[in-house]
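This briefing introduces the structure to a reader who has not met it before. Please consult the sequence and the model shown here while going through the points that follow.

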Amino acid sequence: MASNGSKPYQAQLIREHGFLTPETLITNDPDLVRGFRAQHGRVIYKSISGVRSIVQELSDTDDARLDRIRWCPTQFQAFVDGTNVRVHTIGNEAFATAIRSEATDYRYAQRQSSEAAELREVVLSEELAKQCIELSRSLGLEFAGIDLKITPEDVVYCFEVNPSPAFSYYEGNTGQPISTAVARRLASARTAAQ
């Protein structure tokens, strides 16, 4: 779980496995943020630690508050347009869920856009599923939640790998047998240990 403690460090590991990550700026300098936004147009911001934060889009009203980051370096990323996909990997299995939402952070869709996110099961290409499983394995994770965004041109970006994913939200909305796969993996580990 150590890589999750530093999102910048984890992003390096993600890139080593062939995934793209969004153009990123980590800074406590408001002028650098303004320049980054001028360059990319739409920009989001979030925490650099493993502590859950709500992803927000940087707006004109945020400009007045930018001086506050002098006390807390913050991660800014170029906004990536496309479909959010959460991939749960359990051992050699991968379960993918596509999320449709107008919210910047679909986990808070009701708060950010007044409409709940819509989740549906999707099937990944064999190559992408394998890439996700290998990424999880390289981080020493038997069970992980990988956050992807797939652009309209089918370019895949990876935002992060969660070492303790809250899978019941995805399973409850799609009917995917994620909990069954977790139980199967735990049972096989117990059998192997005997």
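Which residue of strand 6 does V87 stand opposite? The residue opposite V87 in strand 6 is A96. The model is a predicted one, and the points below concern an open sheet of five strands, the helix that packs on this sheet, and the surroundings of T27 in strand 1.

**The sheet as a whole**

- The five strands of the open sheet follow the order 7-6-5-8-9, and their pairing is antiparallel.
- Strand 7 (118-122) and strand 9 (156-162) are at the edges; each has a single partner strand, so one side of each has no neighbour in the sheet.
- On average, neighbouring strands of this sheet are turned by 25 degrees against each other, with direction ignored.

**Strand 5 and its partners**

- Strand 5 covers residues 83-90 and strand 8 covers residues 143-150; the two pair in the antiparallel sense over eight bridges.
- Among the bridge partners in strand 8 are D147, which is matched with R86, and L148, which is matched with V85.
- With strand 6, strand 5 forms an antiparallel pairing over seven bridges.
- The hairpin of strand 5 and strand 6 has two residues between the strands, and in this hairpin G91 takes a positive phi near 60 degrees.
- Strand 5 is largely enclosed by the rest of the structure, because seven of its eight residues are buried.

**The helix on the sheet**

- Helix 4, which comprises residues 126-138, packs on the sheet and touches strand 5, strand 6 (93-100), strand 8 and strand 9.
- The direction of helix 4 makes about 135 degrees with that of strand 8.

**T27 and its surroundings**

- Strand 1 consists of residues 24-27 and includes T27.
- Is T27 buried or exposed? The relative accessibility of T27 is 8%, and residues under 20% count as buried, so T27 is classed as buried.
- A polar atom of the T27 side chain lies 2.9 Å from the backbone nitrogen of D29.
- When neighbours within four places in sequence are left aside, T27 is in contact with L32, V33, I69, P73, T74 and F76.

Definitions and conventions. Residues are numbered from 1 along each chain as its sequence is written. This is a predicted model: local features need pLDDT of at least 70, side-chain atom pairs count only at pLDDT 80 or more; totals for chains, interfaces and linings use all residues. Side-chain values use heavy atoms; hydrogens and water are left out. Two strands pair if DSSP finds at least two bridges between them. Helices (H or I, at least four residues) and strands (E, at least two) are DSSP runs, numbered from the N terminus. Axes are lines fitted to C-alpha atoms, for helices over the stretch in contact, and angles run from 0 to 180 degrees between N-to-C directions. Contact means heavy atoms within 4.5 Å. Buried means under 20% relative accessible area, exposed over 50%, partly exposed in between (1.4 Å probe, protein chains only). A polar contact is a pair of N or O atoms within 3.5 Å; within protein, one must be able to donate a hydrogen and the other to accept it, and residues adjacent in sequence count only if both atoms are side-chain atoms.
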